[in-house]
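Student: Can we go through this structure together? I'd like to see how each label is earned.
Tutor: Sure, have a look first.

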Amino acid sequence: MRIVVNGKLAGTKEQGCALCGGTWGNWYQEVDGERLFFCCDICAKEFVNMIDKVKEITGWKKVDELVIEGDYYRGRNCEAKSGGKSLRYYVKFGEDAEVSTFRVES
């Protein structure tokens, strides 16, 4: 999965957390068969919950590319792509890493 967070490639220790872009921490999580780097378990849970929501809405089996702009406090504007299809959405998370707001954008 190609991941871009606030304009920079992410998802490895060298590139940064797959959700927030942070380079501290040392948490790894398998998502869609890929081992991705996250700064902490909370970011990993938020990322997985977000990907599950995208799959639920679209019916996609996996996400090929994800572009994320924003942060925890403002929420994130995202674009997910899979097999030539695309979904733009806004997402915000609650204190327990749950998706608290998910709004499909046109």
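Student: Which strands does H1 lie across, and at what angle does H1 run to E7?
Tutor: H1 lies across E1, E5, E6, E7 and E8, and runs at about 135° to E7. Axes here are lines fitted to C-alpha atoms, for helices over the stretch in contact, and angles go from 0 to 180 degrees between N-to-C directions. Contact means heavy atoms within 4.5 Å. Before we go on: this is a predicted model, where local features need pLDDT of at least 70, side-chain atom pairs count only at pLDDT 80 or more, and totals for chains, interfaces and linings use all residues. Residues are numbered from 1 along each chain as its sequence is written, and side-chain values use heavy atoms, with hydrogens and water left out.

Student: What makes something a helix or a strand in these names?
Tutor: Both are DSSP runs numbered from the N terminus: helices (H or I) have at least four residues and strands (E) at least two. H1 covers 41-58, so it fits the helix rule.

Student: Why are E6 and E7 called paired?
Tutor: Two strands pair if DSSP finds at least two bridges between them. Seven bridges join E6 to E7, so they pair; they run antiparallel. One bridge links Ala 80 to Leu 87 in E7.

Student: How do you know that E7 and E8 pair too?
Tutor: Six bridges join those antiparallel strands, so the rule of at least two is met. Lys 92 stands opposite Thr 101 in E8. E7 and E8 form a hairpin with five residues between them, and Ala 97 in the turn has a positive phi of about 75°.

Student: What is the strand order in the sheet, and which strands are at the edge?
Tutor: The order is E2-E1-E5-E6-E7-E8, in an open sheet with mixed pairing. E2 and E8 are the edge strands, as each pairs on one side only. The twist averages 25° from one strand to the next.

Student: What makes the joining of Glu 65 and Arg 2 a polar contact?
Tutor: The term needs a pair of N or O atoms within 3.5 Å; within protein, one must be able to donate a hydrogen and the other to accept it, and residues adjacent in sequence count only if both atoms are side-chain atoms. The side chains of Glu 65 and Arg 2 are joined at 3.0 Å, so the distance fits. Glu 65 sits in strand E5.
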